[in-house]
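Biologist: Please show me the chain and its model, and I will ask about them one step at a time.

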Amino acid sequence: MSRKTEFQASIVAVMARLGGSHLTREARERTAAKFSTLMYEAGYTHLASPADISGKHLRAYVAARQAESPGVRTLQNELAHLRSVLKSVGKQAMTNAAELSNEALGISGGSRLGTKTAMSSEDFLAITERAERQNRPGMAALLRLERHLGLRGNEAIHAREDTLRRWERELQADGRINVLAGTKGGRPRT
């Protein structure tokens, strides 16, 4: 195994102990792969474990990633992954250092609000009509479930016949439904 691969594996091992949802763990592993690759490309071949990471490495990582033009929120999330690793190996002071804050690294100002907006009623109608013209009534039904009940796509797909009957009873009783299957992280939601 190469030194870079060993270094990446040591970061991933620390990240695995941090827990989190499946998607969070996958995102952390991608960050570990990017970090180890960029560090070795930049000539920091002495890195063997997360304890070897210093401020200059974080600054070099941010500079290299900014050259690739990812979004500000992407960089902020990646730095949060790396900071969580550093905290878990006892480098709390480094993670709280003002010179290594998002603002000091030039990646502040990202918004968590998102950019998605609801589809207009006209567009929704056109899409459901097209699905029905293409003899895809199931697709039209899924779209209607998503739209009218506020479901995510995966939640609508997991709705079986018994689930739909239960939702109908719940809507008649108190105007809301309990979603159990297909939710993010497997957590039930109303």
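What follows is a set of questions and answers on this predicted model.

Biologist: How many helices and how many strands does the protein have?

Modeller: From the N terminus on, the elements run α-α-α-α-α-α-α-α-α. The secondary structure therefore comes to 9 helices and 0 strands, where a helix is a DSSP run of at least four residues.

Biologist: Is the protein spread out or a compact globule?

Modeller: Along its principal axes the C-alpha trace spans about 60 × 35 × 30 Å. The radius of gyration is 23 Å, and the globule rule gives 16 Å for 190 residues. The value is well over the rule, so compared with a compact globule the protein is more spread out.

Biologist: What share of the residues counts as buried?

Modeller: A residue is buried when its relative accessible area is under 20%. Of the 190 residues of the protein, the share that meets this is 30%.

Biologist: What share of the contacts with a separation of 6 or more comes from residues 24 or more positions apart?

Modeller: A contact here means heavy atoms within 4.5 Å. Among contacts with a separation of 6 or more, residues 24 or more positions apart account for 53%.

Biologist: Which elements give two or more residues to the largest nonpolar core?

Modeller: This core has 25 residues, and Ile11, Phe35, Ile53 and Leu58 have the most contacts inside it. Leu58, with neighbours within four places in sequence left aside, is in contact with Phe35, Ile53, Leu79, Leu82, Leu86, Met94 and Leu100. The elements asked for are helix 1, helix 2, helix 3 (55-67) and helix 4 (72-88).

Biologist: Which residues does the second, separate core include?

Modeller: The second core has 7 residues. Among them are Leu151, Ala159, Ile177 and Val179.

Biologist: Is the aromatic pair of Phe7 and Tyr40 stacked, edge-to-face or tilted?

Modeller: The structure holds 3 aromatic pairs, and in this one the rings are 6.2 Å apart, centre to centre. The planes meet at 45°. Stacked needs under 30 degrees and edge-to-face over 60, so the pair of Phe7 and Tyr40 is tilted.

Biologist: Which parts does this pair tie together?

Modeller: Phe7 and Tyr40 are both buried. Ring pairs also link them with Phe35 and Tyr61 into a cluster. Because the two residues of the pair lie in separate helices, they tie together parts that are 33 residues apart in sequence: helix 1 (residues 3-17) and helix 2 (residues 22-41).

Biologist: Over the face of which residue does Arg147 lie?

Modeller: A charge sits over a ring if, among other conditions, CZ of Arg is within 6 Å of the ring centre. For Arg147 the distance from the ring centre is 4.9 Å. The ring belongs to Phe124.

Biologist: Is Glu155 buried or exposed?

Modeller: Glu155 is found in helix 8 (residues 153-157). Not counting residues up to four places away in sequence, Glu155 touches Trp167, Val179, Ala181, Gly182, Thr183 and Arg189. The relative accessibility of Glu155 is 0%, so this residue counts as buried.

Biologist: Which residue offers the backbone oxygen that the side chain of Thr183 reaches?

Modeller: Thr183 lies in the segment after helix 9 and, at 10% relative accessibility, counts as buried. Apart from neighbours within four places in sequence, Thr183 is in contact with Glu155, Pro188 and Arg189. Its side chain reaches a backbone oxygen at 2.8 Å, that of Arg187.

Biologist: How far apart are the C-alpha atoms of Gly186 and Ser21?

Modeller: Gly186 is in the segment after helix 9 (161-174), and at 54% relative accessibility this glycine counts as exposed. Gly186 and Ser21 are 165 residues apart along the chain. Their C-alpha atoms are separated by 9.4 Å.

Biologist: What is the phi of Ser69?

Modeller: Most residues other than glycine have a negative phi. Ser69, in the loop between helix 3 and helix 4, is exposed, with a relative accessible area of 61%. Although Ser69 is not a glycine, its phi is positive, at about 60°.

Biologist: Where is Asn135 found?

Modeller: Asn135 also has a positive phi, near 60°. With a relative accessible area of 67%, Asn135 is exposed. Its place is the loop between helix 6 (121-133) and helix 7 (137-149).

Notes. Residues are numbered from 1 along each chain as its sequence is written. This is a predicted model: local features need pLDDT of at least 70, side-chain atom pairs count only at pLDDT 80 or more; totals for chains, interfaces and linings use all residues. Side-chain values use heavy atoms; hydrogens and water are left out. Rings of Phe, Tyr and Trp (its six-membered ring) pair if their centres lie within 6.5 Å; planes under 30 degrees apart count as stacked, over 60 as edge-to-face and the rest as tilted. Buried means under 20% relative accessible area, exposed over 50%, partly exposed in between (1.4 Å probe, protein chains only). A charge sits over a ring if NZ of Lys or CZ of Arg is within 6 Å of the ring centre and within 35 degrees of the ring normal. A nonpolar core is a set of buried Ala, Val, Leu, Ile, Met, Phe, Trp, Tyr and Cys residues joined through side-chain atoms within 4.5 Å. A polar contact is a pair of N or O atoms within 3.5 Å; within protein, one must be able to donate a hydrogen and the other to accept it, and residues adjacent in sequence count only if both atoms are side-chain atoms. The radius of gyration is taken over C-alpha atoms; the globule rule is 2.2 Å times the number of residues to the power 0.38.
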